[in-house]
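Please look over the model shown here before reading on. The text goes through it part by part.

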Amino acid sequence: MNRSRVAGTGGYLPERIMTNAELESLVDTSDEWIRERTGIAQRHIAAPEQTCSDLAEAASLKALAQAGLNADEIDLIIVATSTPDHVFPSTACRLVERLGMPSGVVAFDVAAACSGFVYALDVADRFIRTGGASRALVIGAEVFSRILDWQDRGTCVLFGDGAGAIVLEASEKPGVLSTHLHADGRQTPLLNVPWGVSQGYERLEDERGKVSMRGNEVFRVAVRTLGALVDETLEANGLERGDVDWLVPHQANIRIMTATARKLGLPPSRMVSTVAEHGNTSAASIPLALDQAVGDGRIQRGDLLLLEAFGAGFTWGSALIRY
Ligand code: ACO
């Protein structure tokens with residue numbers, strides 16, 4: 001049976017930067033509060049005409065270039081997103097055309113909110129292991145700014161736009177060592193976009209079509225759940241605390257991330273953190289962080305990485321990867 005390994009990474013952030021100071025003029029907040037409670041200093045915001053597939057395409061081209069591959073050598077494309085271009089076709093299908101991939105490839109989107117990238121990675125790894133694909137583009141791309149209520153200080157200060165991508169390819173040497181996915185829909189009221197397409201399209205424009213979160217309650221569940229996920233991942237691989245080289249977490253809140261690093265027995269210097277510059281880019285945050293740490297040379301071939309995420313659903317998941 002094949003295994004899969006990461007052959008390339010890429011990221012894209014929109015040009016426009018929105019600082020905490022700018023948010024002070026929109027809602028009753030302060031730079032100090034946002035930095036202290038979340039670790040966020042700024043976020044990138046897509047231009048009005050930029051869509052999810054624009055961001056995803058830019059990140060994908062960089063990942064392909066790093067892998068030394070052309071789009072016509074990819075036979076599977078999965079986009080993790082909660083903010084797609086269309087109801088249908090999927091953003092992945094749009095990218096088949098835009099990237100110039102051959103007709104007949106496998107392409108679909110995955111919806112698992114902030115855990116979407118880990119979900120997509122798990123699915124792509126399974127396709128490759130079972131021979132259903134040999135090279136996959138796995139993308140997390142979000143234009144979360146479009147589903148934020150810019151009058152709700154409890155959510156609008158947290159999120160940003162961006163896209164990250166990896167190329168996963170069949171390999172004799174294992175890269176993806178294990179993946180662990182979970183979900184539980186029982187606490188939907190704590191974090192959701194209340195209104196959806198089938199509930200009445202016309203209401204999507206108002207605040208019901210925007211992110212709603214009881215942040216403090218989500219925070220407590222996230223820390224507890226990610227702690228158990230770390231235990232599960234280490235145990236499944238016969239590892240001890242401190243054995244992993246890098247934590248590449250979903251970038252929701254520096255305090256959640258640091259608690260997970262502590263649980264893993266890692267100092268903050270071994271955690272890849274982009275939350276200060278990117279905010280929470282939902283499904284894009286892990287591949288963006290991975291790309292940054294690969295690009296600046298922190299993550300080296302052979303390093304052992306733990307990727308983890310917690311998000312709306314609730315969904316949560318991890319991937320242990322030998323880079
Ligand atoms: N500026 C100033 N004050 C604020 C702001 C703000 N932007 N937002 C909230 N406050 C106030 C609150 O109203 C509250 O005031 P009160 O005490 O007078 O009632 C006070 O600050 C404390 O609010 P808390 O919600 O208790 O603050 P907390 O320390 O929990 O931080 C935060 C809030 C940052 C949202 C945190 O709870 C968090 O990060 N939660 C988890 C988010 C997460 O991981 N989500 C999952 C992924 S996202 C996805 O899947 C789409």
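The paragraphs below take up the core, some backbone geometry and the surroundings of the ligand.

This is a predicted model, in which local features need pLDDT of at least 70 and side-chain atom pairs count only at pLDDT 80 or more, while totals for chains, interfaces and linings use all residues. Residues are numbered from 1 along each chain as its sequence is written.

The largest nonpolar core has 99 residues. Such a core is a set of buried Ala, Val, Leu, Ile, Met, Phe, Trp, Tyr and Cys residues joined through C-beta atoms within 7 Å. A residue counts as buried if 20 or more other C-beta atoms lie within 10 Å of its own, as exposed if 12 or fewer do, and as partly exposed in between, with C-beta atoms placed from the backbone. The residues with the most contacts inside this core are Ile77, Ile78, Ala124, Ala136, Val138 and Ile139. Its largest share, nine residues, comes from helix H5 (residues 116-129); helices (H or I, at least four residues) and strands (E, at least two) are DSSP runs, numbered from the N terminus. Leaving aside neighbours within four places in sequence, Ile77 is in contact with Ala92, Leu95, Val96, Met101, Val105, Ala107, Ala136 and Leu137. Two residues are in contact if their C-beta atoms, placed from the backbone, lie within 7 Å.

Next comes the backbone. Most residues other than glycine have a negative phi, and most peptide bonds are trans. A cis peptide bond joins Phe88 and Pro89, with omega about 0°, and Pro89 is found in the loop between strand E4 (76-80) and helix H4 (91-99). The bond from Gly313 to Phe314 is also cis, with omega near -10°; Phe314 is found in the loop between strand E12 (304-311) and strand E13 (315-322).

Ala113, in the loop between strand E5 (106-110) and H5, has a positive phi of about 50°. Ala113 is buried because 24 other C-beta atoms lie within 10 Å. Ser282, in the loop between helix H9 (275-278) and helix H10 (285-295), has a positive phi near 50°. Ser282 is buried because 35 other C-beta atoms lie within 10 Å.

Which residues come nearest to the ligand? Of the 24 around the ligand, they are Thr29, Cys114, Gly215, Ala252 and Gly311; a residue is near a molecule if its C-beta atom, placed from the backbone, lies within 6 Å of it. Helix H2 (31-38), helix H6 (153-156), helix H7 (215-236) and E12 each give two or more residues to this shell. The largest share, five residues, comes from H7. The shell divides into 13 nonpolar, nine polar and two charged residues, where Ala, Val, Leu, Ile, Met, Phe, Trp, Tyr, Cys and Pro count as nonpolar, Asp, Glu, Lys and Arg as charged, and the others, Gly among them, as polar.
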